[in-house]
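Here's a quick briefing to read alongside the coordinates. Have the viewer open and click along as you go.

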Amino acid sequence: MRIFDPNRVIIDDSVPASLRDSPEYLSRRRAIERSLQVPDRFDRTCTHETGHVIYFRRAGFTTFEYLGPKIFHDGRQFRYWVAYVSPSQLNGNILYTEELLLGLARGAAAGGVFLEVLLGCSAIDNGSGDDLMSFGMHCGRAQVQWRRPLSVQQRWIRARKEVKLDLENHVITPDEIDRTKAEVISKCFSMTDSG
Ligand SMILES: [Zn+2]
């Protein structure tokens, strides 16, 4: 069995050498390192992604792209994440149904709700801003397919409530959470051999 060692985790640093003196780069790079090394922060990252995996699976997605820590410059700003999991099937063309859209809402909302319910994080601090944005993107596409406007916010609020209730009523068992979290850790974080 592989033992997780934060100091050996490979960080995909795609920032060109010419930008690596920048204070913004250095602070983001340090934020990644702290998220790996401080156990509470690491647990938050993994718990958040675990919520996504469990609820995207429930929505019917079976294969996932698991990404480890990455930092890059998108031409305008530095961007980074510590871990990122998303269903591979979302890359293709999707025919949206109301059921699928609600499944996607729960999958996206679950990251933040898991932090709130399981770790007592505040709703503001649950890291779900990007998740709401990516759900909004699916709503935008569904709107084009359905040729009628739809409410992102309504579905998001409903999804958050449903995931919260599931956790409170132990519909998602601690065992499923632990197993999925172990999977997230082993698939997202590659380590160097030496050390
Ligand atoms: Zn997320």
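Which residue in β4 is the bridge partner of K70? It's W81. Keep in mind that this is a predicted model. The notes below start with the sheet, then go through the core, one helix in detail, and a few loop residues.

**The sheet**

- Three strands make up an open sheet in the order β1-β3-β4, and the pairing is mixed.
- β1 and β4 are the edge strands with a single partner strand each, so one side of each has no neighbour in the sheet.
- Helix α1 packs on this sheet, where it touches β3 and β4, and its direction makes about 0° with that of β4.
- On one side of the pairing, β1 (residues 12–13) runs parallel to β3 (residues 70–73), and 2 bridges join them.
- On the other, β3 pairs with β4 (residues 78–81) in the antiparallel sense, over 4 bridges.
- I71 is a handy residue to click on: it is the bridge partner of D13 in β3, and its own bridge partner in β4 is Y80.

**The β3–β4 hairpin**

- There are 4 residues between the two strands of this hairpin, and G75 takes a positive phi near 100°.
- Q77 also turns up in the loop between β3 and β4.
- Is Q77 buried or exposed? It counts as exposed, because it has 9 C-beta neighbours inside 10 Å and the cut-off for exposed is 12 or fewer.
- Q77 and E24 are 53 residues apart in sequence, yet their C-alpha atoms are 8.9 Å apart in space.

**The nonpolar core**

- As a bit of background, nonpolar side chains tend to be buried together in soluble globular proteins.
- Here the largest nonpolar core has 35 residues, and A105, A109 and A110 have the most contacts inside it.
- Six helices each give two or more residues to this core: α1 (23–37), α2 (39–58), α3 (98–119), α4 (129–146), α5 (152–168) and α6 (174–188).
- Which of these gives the most? That's α3, with 10 residues.
- If you skip neighbours within four places in sequence, A109 is in contact with S128, D131, W156, A159, R160 and V163.

**Helix α6**

- The length of α6 checks out: at 1.5 Å a residue, its 15 residues should span 21 Å, and the end C-alpha atoms are indeed 21 Å apart.
- Its buried residues include T180, V184 and C188.
- Why do these sit on the same side of α6? They cover an arc of only 55° around the axis, which puts them there.
- The general rule is that an α-helix has 3.6 residues a turn, so residues three or four places apart point the same way.
- Turn to the face away from the buried side of α6 and you'll find the exposed residues P174, D175 and D178.
- As for partners, the buried residues of α6 pack against α2, β2 (64–67) and β5 (84–87).

**A residue in α5**

- I157 is found in helix α5.
- It counts as partly exposed, because it has 13 C-beta neighbours inside 10 Å, and a residue needs 20 or more to be buried.
- I157 and I177 are 20 residues apart in sequence, and their C-alpha atoms are 23 Å apart in space.

**Positive phi outside glycine**

- Most residues other than glycine have a negative phi, which makes the next two worth a look.
- R147 has a positive phi near 55° and isn't a glycine. Its place is in the loop between α4 and α5.
- R147 is exposed, because just 6 other C-beta atoms lie within 10 Å.
- H170 isn't a glycine either, but has a positive phi of about 55°. You'll find H170 in the loop between α5 and α6.
- With 9 C-beta neighbours inside 10 Å, H170 counts as exposed too.

Definitions and conventions. Residues numbered from 1 in each chain as written. Predicted model: local features only at pLDDT ≥ 70, side-chain atom pairs only at ≥ 80, totals over all residues. Core = buried A, V, L, I, M, F, W, Y, C linked by C-beta atoms within 7 Å. Contact = placed C-beta atoms within 7 Å. Expected span 1.5 Å × (residues − 1). Arc of directions from axis to C-beta. Pairing = 2+ DSSP bridges. Axes fitted to C-alpha atoms, helices over the stretch in contact; angles between N-to-C directions.
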